[in-house]
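Visitor: I would like a close look at one part of this model, the salt bridges. Could you take me through them slowly?

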Amino acid sequence: MKKRKWTTFDIVLTAFMLFMIVITLYPFLNILAISLNNAVDTARGGIHIWPRDFTFANYQEIFGSNDRLLQAFFMSILRTIVGTITGIIASTMLAYVLSRRDFVFNGLVGFLLVLTMFISGGLIPEYMLIRQLGLINDFGVYIWPLLISAFNVIIIRSFMDNLPIALEESAKMDGANDFVIFTKIIIPLCLPVIATIALFLAVMQWNSWFDTYLYARSSEALTTLQFELMKILDNANISSGDITSQNAEVIAGQTNPQSIKMAITIIATVPILMVYPFLQKYFVTGLTLGAVKS
Amino acid sequence: MSFPFVIWLIIFKYIPVAGWVMAFQDYKPQFSIFEQEWVGLKHFKDLFNEPMFYRALENTLGMGILGLVFGTLSAIAFALLLNEVRFLTLKKWTQTISYLPHFVSWVIVANIVITMLSQEGIVNNLLMDIGILDRPINFMAQPDMFWGIVTAADVWKETGWNAIIYLAAMAGVDPQLYEAAKVDGASRWRQMWHITLPSIRPVIIVLLILNIGNLINIGFEKQMLLGNNIVAEKALVIDLYALDYGIGMFRYSFGTAIGIFKSVISVILILICNGFAKRIGEGRVF
């Protein structure tokens with residue numbers, strides 16, 4: 001490609017893109033800096049993207065002396081891992097069946113699935129169902145209701161539709177049954193789209209707090225990091241919508257709720273942010289493909 | 001292999017829809033759904049007589065429309081500009097970074113927004129440095145600013161992600177069109193306006209239809225997490241209303257009626273938009 005001359009247009013554009021990067025990253029860096037700054041010092045204000053009085057005390061508080069937050073951290077990890085694995089198994093299996101042209105009820109099952117994207121019972125009937133199934137305060141409430149998402153199945157299915165059908169036919173002639181075809185041929189070929197959906201599922205599981213709020217509020221064992229953060233946020237909001245100024249004088253110890261909040265925010269953010277750049281190339285194609293088809 | 005999933009669909013997706021009958025009964029938890037007393041449209045009448053409901057509806061539509069307009073415009077504008085960046089490394093980095101907020105939860109975004117807008121936060125500092133403000137204001141305690149704050153937070157979180165689809169559509173535009181425009185002496189702005197934008201018009205319209213259909217389904221997460229007692233009047237949306245009055249006050253039938261109202265409105269909206277798109281001969285959803 002021939003090198004172009006930089007016009008004013010390019011310079012303005014570059015400046016704008018740099019501005020976008022700054023306004024996206026600044027809030028995260030600011031929170032990281034506050035979480036790594038001495039709590040008493042933070043109350044003086046003026047922390048931007050660099051801690052002034054560096055300390056790990058806020059993190060030590062979470063991982064060292066607060067059993068509940070530690071438990072919430074592990075519950076977040078557990079539900080993310082279990083939910084992602086079960087979700088992937090369920091949606092690839094369903095997508096595979098739907099992609100098979102020789103399956104008789106293909107149309108009916110597909111219709112039942114797609115319809116769920118447009119109608120839903122709503123909050124109350126869903127709550128009643130979960131209660132009737134005995135899933136209140138049960139780990140299953142994080143897994144069963146979230147097992148299948150029509151959107152994800154459609155994306156996987158449209159990927160599978162593009163696989164050459166001859167592969168399956170030749171495997172069949174070699175005596176492979178449907179399960180062997182599925183696990184040995186289809187799954188390995190679908191790895192890019194599976195990676196995308198795994199990311200979506202993991203993000204969804206890791207970020208959920210409302211199901212905890214609604215269905216597992218009274219269970220200490222099932223609390224998650226997001227829910228604990230939400231509770232802190234809620235308490236802060238009830239007092240005035242702005243806690244820093246009030247707490248400034250009150251805090252005598254090493255940490256304050258504001259600093260702990262920032263540290264939890266970082267712990268709740270970092271795991272997800274570490275994976276997505278690696279999967280980026282998959283989800284960009286996955287998302288566009290899915291969107292174009294549906 | 002699909003059998004267990006059909007069962008799953010029926011249990012988790014279709015039984016709740018069947019639960020709609022609750023809206024026409026006086027649901028009492030101690031009885032089964034078949035033993036309830038039928039009351040016809042009583043709960044719907046109650047709903048339409050409730051002033052709070054209209055406030056919730058107004059807030060939902062207000063924030064929904066603001067989100068739709070600014071969300072769509074910012075995503076298209078961002079995609080258009082990003083599409084013009086010739087320096088590929090910058091393009092890639094900007095795009096990757098722009099997705100970042102999409103992946104964090106609303107709990108975290110709400111936390112970030114409240115921190116940034118607090119009296120010691122960067123926004124107040126900046127406005128004071130420039131001289132627009134004399135003393136810091138507590139943004140989160142201004143009812144009139146609540147819709148704007150929610151919309152801004154939404155734009156910040158989702159612009160990069162929403163731009164993906166427009167960028168993909170732009171990648172499919174025939175390069176010959178640009179060559180021809182260049183020969184005719186069109187500037188970069190004119191090329192964006194007369195070639196890129198018209199080329200992605202079908203995608204824009206399909207997405208608009210889908211989003212308008214969901215106008216009433218804006219959810220409650222942002223409002224619940226960003227709201228507080230002071231701005232409650234502006235933060236009450238339909239789903240929060242259903243949550244507070246339905247589950248919170250054990251008025252299950254009333255809460256279900258709210259859900260049905262929402263579904264009906266969203267189906268009507270999507271049919272209207274689809275019909276409209278058909279009439280003007282543009283891409284449509286079905």
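Visitor: To start with, are D154(B) and K222(B) buried or exposed?

Guide: Happy to help! Before the answer, a word on the ground rules: this is a predicted model, where local features need pLDDT of at least 70, side-chain atom pairs count only at pLDDT 80 or more, and totals for chains, interfaces and linings use all residues. Residues are numbered from 1 along each chain as its sequence is written, chains are lettered from A and ligands numbered from 1 in the order in which they are written, and side-chain values use heavy atoms, with hydrogens and water left out.

Now to your pair: both D154(B) and K222(B) are buried (buried means under 20% relative accessible area, exposed over 50%, and partly exposed in between, with a 1.4 Å probe and protein chains only). They form a salt bridge whose closest N and O atoms are 3.1 Å apart. A salt bridge here is a side-chain nitrogen of Lys or Arg within 4 Å of a carboxyl oxygen of Asp or Glu. Side chains of opposite charge can pair when their charged atoms come close. D154(B) sits in helix α7 (residues 146-171) of chain B and K222(B) in helix α11 (residues 221-226) of chain B, so their pairing ties together parts that are 68 residues apart in sequence. The helices are DSSP runs (H or I, at least four residues), numbered from the N terminus.

Over all chains, the structure holds 15 salt bridges. In chain A, look for R68(A), which pairs with E220(A) at 3.3 Å between the closest N and O atoms. R68(A) belongs to helix α4 (residues 67-99) of chain A, while E220(A) is in the loop between α11 (210-215) and α12 (225-239) of chain A, so this bridge joins parts 152 residues apart in sequence. R68(A) also meets E228(A) in a salt bridge, at 3.8 Å from N to O. E228(A) lies in helix α12 of chain A, so here the parts tied together are 160 residues apart in sequence. R68(A) counts as partly exposed because its relative accessibility is 33%, whereas E228(A), at 6%, counts as buried.

Finally, follow the boundary between the chains. The count between chain A and chain B is 1 salt bridge: the side chains of D10(A) and R188(B) meet at 3.2 Å, N to O. These two residues are also linked with E84(B) and R86(B) in a network of salt bridges.

Key: Helices (H or I, at least four residues) and strands (E, at least two) are DSSP runs, numbered from the N terminus.
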